[in-house]
Amino acid sequence: QGGAEKSVAGPKIGFMGPMTGDYANYGVLCNNSVKLAVDQFNAKGGIAGKLPVTLITEDTEGSVEKGLSSIEKLSSSDKIVALVGPVFTGVSFAVGERVQNEGIVMITPSATHADITSIGDYVFRTVVSDGLQGEVAGRYFFEKLGYKTIGVLYAKNDYSQGLYEGMTASFEAAGGKVTIAEACQVGDKDFKTQLTKIKTANPDAIYIPDYTAEMAQILEQARQLGISTPFVSCDGFSNPEIYNLAGEFTDGVVYVGPAKVAESKAYATFVADYTAKYGIGPDSFATNAFDGTNLVLAALEKVYKETGKFDRKAVRDAIAATKDYQGVTGTVNFAENGDLVAYQGLYKVNKTTPEYLGTYTVVDGKLVEVK
Amino acid sequence: MTILETEGLTREYGGVIAVSKVDFQVESGLITGLIGPNGAGKTTLFNNMTGLDTPTAGKVFFNNKDITGYPAHKICRMGIARTFQNIRLFKELSVIENVMIGRHFKTGKDANKGRFLNSLKSYVYLRQEEEEIYEKADSWLDFFDMGSLKNELAKNLPYGHQRELEIARALATEPKLLFLDEPAAGMNPQETDHLMNTIRKIRDLGITIVLIEHDMKLVMNICDTITVLNYGQKLAQGTPMQIKHDPGVIEAYLGKEEE
Amino acid sequence: MSELLNINDISVSYGNIKALQNVSMHVNQGDIVCLIGANGSGKSTLLKAIVGQEPLDTGSITFDGEEICQAKYPLEGKKKHKALTTDIIVSRGIALVPEGRRVFADMTVEENLDMGAFMVRDDKLIAERKESMYDFFPILGARRRQKTRSLSGGEQQMMAIARALMSAPRMILLDEPGLGLAPLVIADIFGKIEFINKQDNVTVFLVEQNARMALKASTEGYVMENGRIVLSDKSSALLANEKVRAAYLGE
Amino acid sequence: MLNFFLLILIYSGIYALMAIGQNVITGYGGMLALCQAGFFAIGSYATAILSANYGWSFWATLPVAALISAFFGLLIGLPTLRLKGDYLAIATLGFGEIVRNVLNNWDSLTNGPMGIQKIPMPTIFGFTINPYKKWAFLLMVIIFVAIASFLFQRLARSRMGRALTAVREDEIAAQSMGINITKYKVYAFVLGASVAGIAGSLQAVFSLSVTPGTYTFMVSVMVLCMVVLGGMGNFKAAIIGAFIIQMISYFPQLTGLSGVIPPQFKQILFGLILVVMMIWRPQGILGREEHSYGRGHGHKGGSK
Amino acid sequence: MGIAEFFQHLMNGLTLGGIYALIALGYTMVYGILKFINFAHGDILMVGAYIGLFVFDGLRGSAPLGTWTFVSFFIAMLVSMASCALLGMAIERIAYKPLRKATRLAPLLSAIGVSFILSNSAAWMFGTQSRKLNYPFDNTPIDIHGVVITPHQILILVVSLVMMIALKMFVDRSRMGKAMRATSLDQDTAMLMGINVNQVISLTFAIGSALAATGGMLIALDYKVYPTMGTMIGLKAFVAAVLGGIGNISGAMFGGILLGLLETFGVAVFGIPTGLKDTIAFGVLIIILLVKPEGLFGKVEKEKV
Ligand SMILES: Nc1ncnc2c1ncn2[C@@H]1O[C@H](COP(=O)(O)OP(=O)(O)OP(=O)(O)O)[C@@H](O)[C@H]1O
Ligand SMILES: Nc1ncnc2c1ncn2[C@@H]1O[C@H](COP(=O)(O)OP(=O)(O)OP(=O)(O)O)[C@@H](O)[C@H]1O
Ligand SMILES: CC(C)C[C@H](N)C(=O)O
Ligand SMILES: [Mg+2]
Ligand SMILES: [Mg+2]
């Protein structure tokens with residue numbers, strides 16, 4: 001790091017996510033948040049009022065290979081001190097190994113697979129683990145919604161399959177039965193075959209853990225097939241985009257999403273700023289990314305104040321030490337393994353407006369409502 | 001001695017009978033001519049004897065061995081080479097490369113070793129092998145006085161040279177029997193004369209030749225025996241003299257001599 | 001007799017091979033002109049140049065008084081000149097029977113003939129001409145629904161000639177029409193060429209290896225060597241010319 | 001910076017191996033195949049499964065990866081005897097997609113979409129070839145590329161190379177020259193597949209994780225691009241092509257532009273360069289390799 | 001499997017196949033003439049969908065479903081077809097024409113380049129999110145004894161059928177169609193017949209691209225509009241075109257429908273896990289090609305020597 005006399009340059013942080021390709025939308029929305037957070041921070045003068053933070057965005061194109069080269073570039077040529085991202089589970093696994101090795105702290109706003117944080121102590125996330133989501137989902141569907149049988153339509157990718165498996169385990173542990181589980185490939189747009197099979201199996205409800213656009217597609221095609229079985233879903237539903245794409249077909253869907261925070265002023269300001277700047281609103285992952293970035297910035301500030309430089313390890317420790325950080329998503333705390341300490345929220349869509357059903361978590365295999 | 005023979009060879013294409021029950025013999029060491037009107041089935045007969053087409057009925061014997069339905073490369077390896085009516089050179093390759101490819105199955109062979117060892121050997125001593133086939137190919141080009149053209153791309157040669165190159169390439173396989181499909185097409189009389197000499201020279205190397213040709217001067221001059229096809233059937237067979245005066249052949253094919 | 005085609009000092013090259021060097025010749029309306037020469041002397045190149053398939057390095061070609069081809073950058077005067085494309089040249093009334101037949105292999109005989117008459121818009125006329133072609137070449141009539149790729153070499157050659165005639169050209173360029181044809185048929189074809197020439201007043205430009213027949217059938221003859229015209233005369237005179245007899249008639 | 005550049009070189013090397021294989025199939029054999037991604041995946045998974053689940057050393061998995069890929073090369077090579085041109089392209093593309101599809105669904109063996117993590121690093125004489133320390137890894141990749149290109153270059157000059165060339169130029173004439181076209185076409189696939197399999201093994205120990213999402217058909221397309229861009233039928237060109245395509249696709253990052261221009265520009269630029277390169281040199285940068293035969297007396301181009 | 005379920009699968013397969021067919025037609029058209037895979041076809045389709053979306057939304061304003069929505073959709077489609085035709089011609093002129101005499105693979109690379117340019121320009125200009133193209137008509141499903149089909153699906157089938165017939169008539173009967181066939185077989189000789197080959201090729205691209213635009217708009221109704229919408233479907237459509245015998249118009253239609261049915265029935269009837277849907281489809285494809293190497297409608301033409 002900087003020599004005794006040399007003045008310390010402003011630190012660099014990185015973001016990586018799919019900026020081009022099929023799933024670019026998730027990356028773009030998150031990147032917007034990160035940029036917004038950094039810009040706002042620099043507008044206030046940067047670290048200690050004098051050092052602006054530089055953000056470097058790298059495109060992963062949603063592929064592991066590009067993810068690895070991005071982290072290489074960020075780490076070795078840009079010398080970033082912290083990373084926000086990656087966006088998807090698959091890339092996060094590979095990149096996680098690298099940041100752990102390089103000693104760069106990483107906060108993903110959206111990679112939800114249960115095992116991500118177990119890569120090591122440099123990996124954090126500001127999104128709820130699918131482990132909890134699946135558990136809450138299974139329990140809730142059985143106990144509160146009273147479904148005895150469920151059919152699942154999931155995508156053959158780590159995220160969707162992880163949720164399907166998690167939900168199935170807890171739903172069946174609670175006494176229900178997943179009577180039919182149909183898979184689709186990433187990139188599929190036609191789900192009629194699977195839906196027809198599920199329709200014939202006639203479960204009490206259909207669980208569709210998938211990305212937003214795909215879910216919209218599934219709901220619409222289910223309607224075209226005359227399926228009247230209720231749908232239950234996952235956090236992907238918390239992206240308001242779903243109401244544009246699927247319109248009134250979303251009516252009646254119950255989904256597990258982030259726990260609702262009391263409509264804080266901070267949140268409202270964030271949404272307003274974001275929308276003003278980019279023309280579209282943030283999704284829940286973008287919201288997480290905003291908090292994640294601010295956490296990083298706060299840690300940088302703190303480390304600089306204490307040591308006068310930006311040591312990667314010190315930044316990690318500062319983030320790990322986060323306590324009751326007040327972000328736009330509410331109060332942020334990290335568990336021992338780097339997971340977000342949080343609860344799950346349950347929503348039911350009325351026409352095209354989600355209504356909050358309550359905050360839940362699972363403790364020792366029991367569904368508990370958090371008041 | 002008969003080197004090649006067909007028995008009732010028939011080739012039918014959904015209704016069109018291109019070759020019908022033809023018994024065709026080739027005597028070793030001679031030049032045999034195959035003539036007949038356009039569409040008589042000459043090329044088809046060639047194709048069926050060289051494995052590029054399979055007869056619908058009948059048999060082909062080479063040195064008394066039934067080779068009907070053998071794949072073309074096997075037939076070539078047994079010692080039958082050919083040229084094509086529509087020239088089929090390796091167009092983008094140089095002249096010498098064309099001929100070198102003719103040496104393909106002469107390489108990588110050694111009676112004392114197994115197949116695998118042979119290929120391995122051919123791979124390890126590749127320069128040496130290349131040198132060998134280069135020399136051989138070169139000498140075939142010299143045979144045709146084409147040594148100076150060896151680095152030209154085959155497709156850029158004028159038509160006549162392309163025909164000769166095709167023959168050179170076929171000869172590089174060291175055949176016992178050589179089929180030529182209209183070798184003089186596209187050549188002027190002088191060049192045809194030259195070609196006639198070449199063909200004789202090839203025969204003198206001990207190679208039996210069968211040729212299809214519409215140039216009667218060539219056919220009548222160098223063939224020892226001629227078979228005439230008409231509508232897929234054998235119309236006549238005999239020496240040039242006999243054929244020239246066969247009324248059936250005159251009527252169907254030759255027409256009245258003008259001079 | 002008026003001049004129909006005038007080739008004025010043209011040169012063509014392939015890379016650094018000079019295939020034609022300062023060739024000039026002319027063809028009068030109603031003539032049968034033949035061009036003979038050894039392999040690779042540039043005959044086919046000349047025919048291709050006439051229909052605009054090979055760009056000229058120098059010189060120009062006029063057809064019926066109108067310039068159809070011109071070197072892209074004429075040496076004198078740097079003015080750029082756009083050469084006409086093949087389809088336009090052809091539409092002025094020139095037809096070429098190309099070397100190596102170039103039939104549309106995946107089309108039937110009938111469809112090939114239709115293509116020959118592409119510029120004719122009168123269906124009845126096309127049908128008539130097709131019938132007359134089938135009379136001309138009965139074997140084509142018998143094969144009319146067969147894909148051309150399966151025709152024998154000679155049959156394809158006849159088809160290529162028939163196809164060129166379908167457009168009822170004012171001038172037909174024939175590149176070795178006798179290639180691969182049986183003796184009877186060759187004699188017949190030369191007869192037909194003369195017939196068409198007389199009957200329909202089609203000007204004929206003939207490239208042929210069978211020099212004797214070509215010279216007999218034609219009125220004017222040119223001899224080409226290494227891309228240059230070395231001799232030109234009345235065909236009958238060429239037939240008697242010692243040098244020609246030795247070099248091209250195989251005597 | 002240097003590390004990043006080394007990483008690009010490593011990827012170039014891995015892709016160069018695939019391109020070398022593709023060059024045998026397409027450049028020499030003239031067969032348009034779009035399944036290098038499939039062989040690449042098979043090689044990766046062979047190494048990943050054997051070393052991560054069964055504790056094999058990387059070096060032991062290598063021949064297995066090559067063999068399994070070669071076996072599938074044989075399988076997919078057989079249909080080529082009947083298929084031509086774009087029909088072959090589609091059949092091979094289908095094969096590549098099937099491989100990915102099966103890897104993605106065979107959860108018990110491949111761990112499905114999650115893929116396999118924590119692949120052990122290769123060691124040699126007690127020295128670990130650590131993908132974090134790029135130099136050693138790059139050296140290993142370079143050695144592989146050098147060996148492969150040496151072997152294949154020789155192959156191209158050998159009778160097999162000539163036979164394949166003949167098959168590409170004219171199958172019927174080749175047959176009539178005594179060349180067993182069936183055999184050589186299948187050989188081309190087997191060989192092309194086995195190097196791609198080795199490339200896969202290297203990829204596995206470089207990223208230390210494999211997921212089915214890596215092996216999309218775009219990988220095959222890119223490999224084909226490398227070969228065409230470099231110049232078909234030229235192994236040097238295949239390697240250069242691999243390097244150039246990697247350079248173009250990382251160009252913005254290398255020059256630090258990625259922070260400045262919108263990410264889509266990178267892809268647009270990539271597309272533009274492809275188009276311009278093709279218009280500028282349709283035969284590829286180096287063009288087909290011309291052998292000059294005969295010591296001393298052979299030279300290229302028009303004599304006369 | 002019950003009767004109703006069987007017929008439902010059949011319906012699903014047919015309509016999915018209809019979508020493939022619709023796009024395969026444009027593919028086959030261009031391929032048939034130029035013998036190269038126009039990799040950018042799927043992206044032209046995407047551009048068509050965006051143009052259609054903007055024009056339709058602009059014209060429609062907030063009008064409720066009715067005649068006007070229908071009319072404006074139709075206008076949007078015409079505008080989109082015309083613009084894509086121009087785009088296609090421009091692409092051909094710039095990226096493919098210089099490569100006509102080059103090796104077969106050169107234009108393929110150029111096309112890949114064009115594909116990158118188009119889809120990323122769209123992403124840059126319009127953003128990466130999916131946009132909904134609203135139905136211009138009431139798309140309430142029709143239930144026939146438990147088998148359900150939507151008007152949109154019927155429309156797709158009808159349009160692809162009509163397009164197939166129209167195209168076939170055009171290529172087989174019209175002068176221009178004949179010129180196209182000749183051009184596809186031998187460009188030099190086609191010129192000798194007096195055919196303006198440049199014009200023919202331009203026209204081919206124009207028609208192919210207009211077809212892509214139609215396909216783009218119709219499938220966008222169901223699949224939404226986004227920058228990479230053409231990639232996957234374009235690939236599948238190409239597979240369908242090859243399956244039917246590439247260059248063959250009825251083949252493209254048939255190949256599309258068959259692929260749709262295969263994808264549906266492979267998993268529906270044989271109880272194979274749905275995850276392996278593509279494996280079945282591609283597996284059957286390979287087998288079919290092995291049995292009929294020139295595609296279903298292609299004629300096996302053994303080369304005569
Ligand atoms: N695949 C095929 N399908 C249908 N008819 C065919 C096929 N191949 C050849 N024929 C027909 O069989 C006949 C014999 O053709 P072949 O090529 O053997 O004639 P040829 O004697 O070589 O004539 P030429 O002297 O003109 O070359 C021709 O009439 C041709 O049309
Ligand atoms: N595409 C080409 N590229 C390079 N050289 C060529 C090309 N076409 C022809 N040539 C060369 O140009 C010269 C003239 O060829 P051309 O085909 O015009 O001769 P020709 O008189 O028609 O001969 P033939 O009687 O054999 O048909 C020859 O030397 C030939 O090798
Ligand atoms: C953006 C999200 C849909 C990503 C998803 N949660 C994943 O882990 O892959
Ligand atoms: Mg013949
Ligand atoms: Mg010529």
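Q: What makes an atom a donor to a metal in this predicted model?
A: For magnesium, the atom must be N, O or S and lie within 2.8 Å of the metal. The model is predicted.

Q: Why are C:Ser44 and C:Glu99 called ligands of the magnesium ion (ligand 5)?
A: Their atoms OG and OE coordinate the ion at 1.8 to 2.4 Å. The cut-off is 2.8 Å, so both residues count as donors.

Q: What makes this pair a tie between parts of chain C?
A: C:Ser44 lies in helix α1 (residues 43–50), and C:Glu99 in the loop between β6 (94–97) and α3 (109–116). These parts are 55 residues apart in sequence, so the pair ties them together.

Q: Why is C:Ser44 called buried?
A: Its relative accessible area is 14%. Buried means under 20%, so C:Ser44 qualifies.

Q: Why is C:Glu99 called partly exposed?
A: C:Glu99 has 30% relative accessibility. Partly exposed covers the range between the 20% and 50% limits, so the label fits.

Q: How do you know that B:Thr43 and B:Gln85 coordinate the magnesium ion (ligand 4)?
A: B:Thr43 (OG1) and B:Gln85 (OE1) sit at 1.9 to 2.1 Å. The limit is 2.8 Å, so both are donors. B:Thr43 belongs to helix α1 (residues 42–49) of chain B, and B:Gln85 to the loop between β6 (80–82) and α3 (95–102), so the pair ties together parts 42 residues apart in sequence.

Q: Are B:Thr43 and B:Gln85 buried or exposed, and why?
A: B:Thr43 has 9% relative accessibility, and B:Gln85 has 5%. Buried means under 20%, so both are buried.

Q: Why is strand β1 (residues 12–17) of chain A called largely enclosed?
A: Five of its six residues are buried, so the rest of the structure largely encloses β1(A).

Q: How do you know that β1(A) pairs with β2 (residues 54–59) and β3 (residues 82–84) of chain A?
A: Pairing needs at least two bridges. β1(A) has six bridges to β2(A), in the parallel sense. Three bridges join β1(A) to β3(A), also parallel. Both counts meet the cut-off, so both are pairs. A:Ile13 stands opposite A:Leu55 in β2(A). A:Gly14 has A:Leu83 in β3(A) as its bridge partner.

Q: What makes the lining of the second largest cavity mixed in character?
A: The lining has 13 residues. They divide into seven nonpolar, five polar and one charged. Among those nearest the centre are A:Phe88 and A:Ser110. Phe counts as nonpolar and Ser as polar.

Note on methods. Residues numbered from 1 in each chain as written. Chains lettered and ligands numbered in written order. Predicted model: local features only at pLDDT ≥ 70, side-chain atom pairs only at ≥ 80, totals over all residues. Heavy atoms only, no water. Donors = N, O, S within 2.8 Å, 3.2 Å for Na, K, Ca; no water. Helix = DSSP H or I, 4+ residues; strand = E, 2+ residues; numbered from the N terminus. Buried < 20%, exposed > 50% of the residue type's maximum accessible area, 1.4 Å probe, protein only. 1 Å grid on protein atoms, 1.4 Å probe; cavity = no way out; pocket = protein on both sides within 12 Å on 5 of 7 lines; lining within 4 Å.
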